[in-house]
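Subject: A structure for you to look at

Hi,

Here is the structure I promised to pass on. Have a look at it first, then read my notes below with the viewer open.

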Amino acid sequence: SSDPAPETFTVEMKAGEHGTLSASPVIPASGKVAKDTVITFTAAPASGYKVDKWTITGGTFETGTGMEGSTTAKAKITANTKVNVSFKEMVYASVSFADLDTYLKDTASSADINYIKVTGLTAADLKGDDSSSLVPGELGKILNDNPTKKVALKLEEVSGVTDMSYCFKGCKSLIQAPAIPNGVTNMRACFFDCTRLTQAPVIPSGVTNMIACFVGCKSLIQAPVIPS
């Protein structure tokens, strides 16, 4: 006698505006998935957005997944299941460079990523010391002084920046790098030992020195395009 067909349930998923949702293993066109299949759902927000909330009907997410702001959710299928995710715009707090240290110490969240746009920077604040001491620039020093905070950075337009060597050397708080100004040519050791940096910025076409740029970056999951 042939074995009975495995029990299946219908799985539906839907992403809100400003992002997409995928499943692994992929949900078949029929939507029918064998009982007890564990599916990992991955949300990909559009640029300038982040994951907001997950909802599930017909089951529960595995512990530690599907939390607010998390990009993944995992569920074991034991009934007809619907999974939804929504996205929200990232809002960057505008903080002057003079107030940045105080802001990170007193105002910034200790748990969540802090989206910060730094204003009032000069080219000199973005260049580290490439003599024997190899210390980060003034901006990098402030981030280094607040290693427990998680920071996604934006820079207000800074004029005349060509050298960002050693800029963020050793910054443990930097999760997301700022856009690199177009005139930059030297990015030597710019992100040296930024162990929590997850995403590389776009490298401007004029950059000619990238020696040790990403040395020690343990969390980087995608390489940038290297200028020709």
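Which residues does A23 touch, not counting residues up to four places away in sequence? Click on A23 and you should find M13, I39, T40 and F41 around it. A23 sits in strand 2, which covers residues 19–24. Take I39 from that group of contacts: A23 and I39 are 16 residues apart in sequence, yet their C-alpha atoms are 6.5 Å apart in space. A23 counts as buried because its relative accessible area is 12%, under the 20% cut-off.

Before you go further, keep in mind that this is a predicted model. The protein chain has an average pLDDT of 93, and 99% of the residues score at least 70. If you colour by confidence, strand 1 (residues 8–15) comes out highest, with a mean of 97. Strand 11 is where confidence is lowest, at a mean of 92.

Just past A23, there is something odd in the backbone. S24 and P25 are joined by a cis peptide bond, with omega at about -5 degrees. You will find P25 in the loop that runs between strand 2 and strand 3 (32–34).

Now for the pocket. How big is the largest one? Its volume is about 1,500 Å³. It is lined by 46 residues, and the ones closest to its centre are Y49, M90, Y115, Q176 and Q199. Several strands give two or more residues to that lining: strand 4 (38–45), strand 5 (49–57), strand 9 (113–119), strand 10 (150–155) and strand 11 (174–176). Strand 10 supplies the largest share, which is five residues. Sorted by class, the lining has 26 nonpolar residues, eleven polar ones and nine charged ones.

Next, the inside of the protein. In soluble globular proteins, nonpolar side chains tend to be buried together. Here the largest nonpolar core has 36 residues, and L153, F168 and F191 touch the most other members. Helix 1 (100–107), strand 9, helix 2 (138–144) and strand 10 each put at least two residues into this core. There is also a second, separate core of 19 residues, including F9, V11, L21 and F61.

L153 is a good one to zoom in on. Leaving aside neighbours within four places in sequence, L153 is in contact with Y92, I116, V118, L139, L143, F168, L174, Q176, A177 and P178. Two of those names may ring a bell: F168 came up with the core, and Q176 came up with the pocket.

Strand 9 deserves a stop too, and N114 is the residue to pick there. Is N114 buried or exposed? N114 is buried, because its relative accessible area is 7% and the cut-off is 20%. Beyond its neighbours within four places in sequence, N114 is in contact with A108, S109, K149, K150, V151 and A152. As for V91, it is 23 residues from N114 in sequence, and the two C-alpha atoms are 9.4 Å apart in space.

Two more backbone spots are worth checking. Y166 has a phi near 60 degrees, a positive value in a residue other than glycine. Y166 is in the loop between strand 10 and strand 11, and it is buried, with a relative accessible area of 8%. A212 also has a positive phi, near 55 degrees, and is not a glycine either. A212 belongs to the segment after strand 11. A212 counts as partly exposed because its relative accessible area is 27%, which falls between the 20% and 50% cut-offs.

Finally, which residues does D130 contact, leaving aside neighbours within four places in sequence? D130 is in contact with S165 and with Y166, the residue whose phi is positive. Look for D130 in the loop between strand 9 and helix 2. D130 is partly exposed, with a relative accessible area of 41%. D130 and R188 are 58 residues apart in sequence and 9.0 Å apart in space, C-alpha to C-alpha.

That's my tour. Try starting from A23 and working through the stops in order.

Cheers

Terms used: Residues numbered from 1 in each chain as written. Predicted model: local features only at pLDDT ≥ 70, side-chain atom pairs only at ≥ 80, totals over all residues. Heavy atoms only, no water. 1 Å grid on protein atoms, 1.4 Å probe; cavity = no way out; pocket = protein on both sides within 12 Å on 5 of 7 lines; lining within 4 Å. Points joined across faces, edges and corners; volume = space filled by probe spheres on them. Helix = DSSP H or I, 4+ residues; strand = E, 2+ residues; numbered from the N terminus. Nonpolar A, V, L, I, M, F, W, Y, C, P; charged D, E, K, R; others polar. pLDDT = per-residue confidence, 0-100. Buried < 20%, exposed > 50% of the residue type's maximum accessible area, 1.4 Å probe, protein only. Contact = heavy atoms within 4.5 Å. Core = buried A, V, L, I, M, F, W, Y, C linked by side-chain atoms within 4.5 Å.
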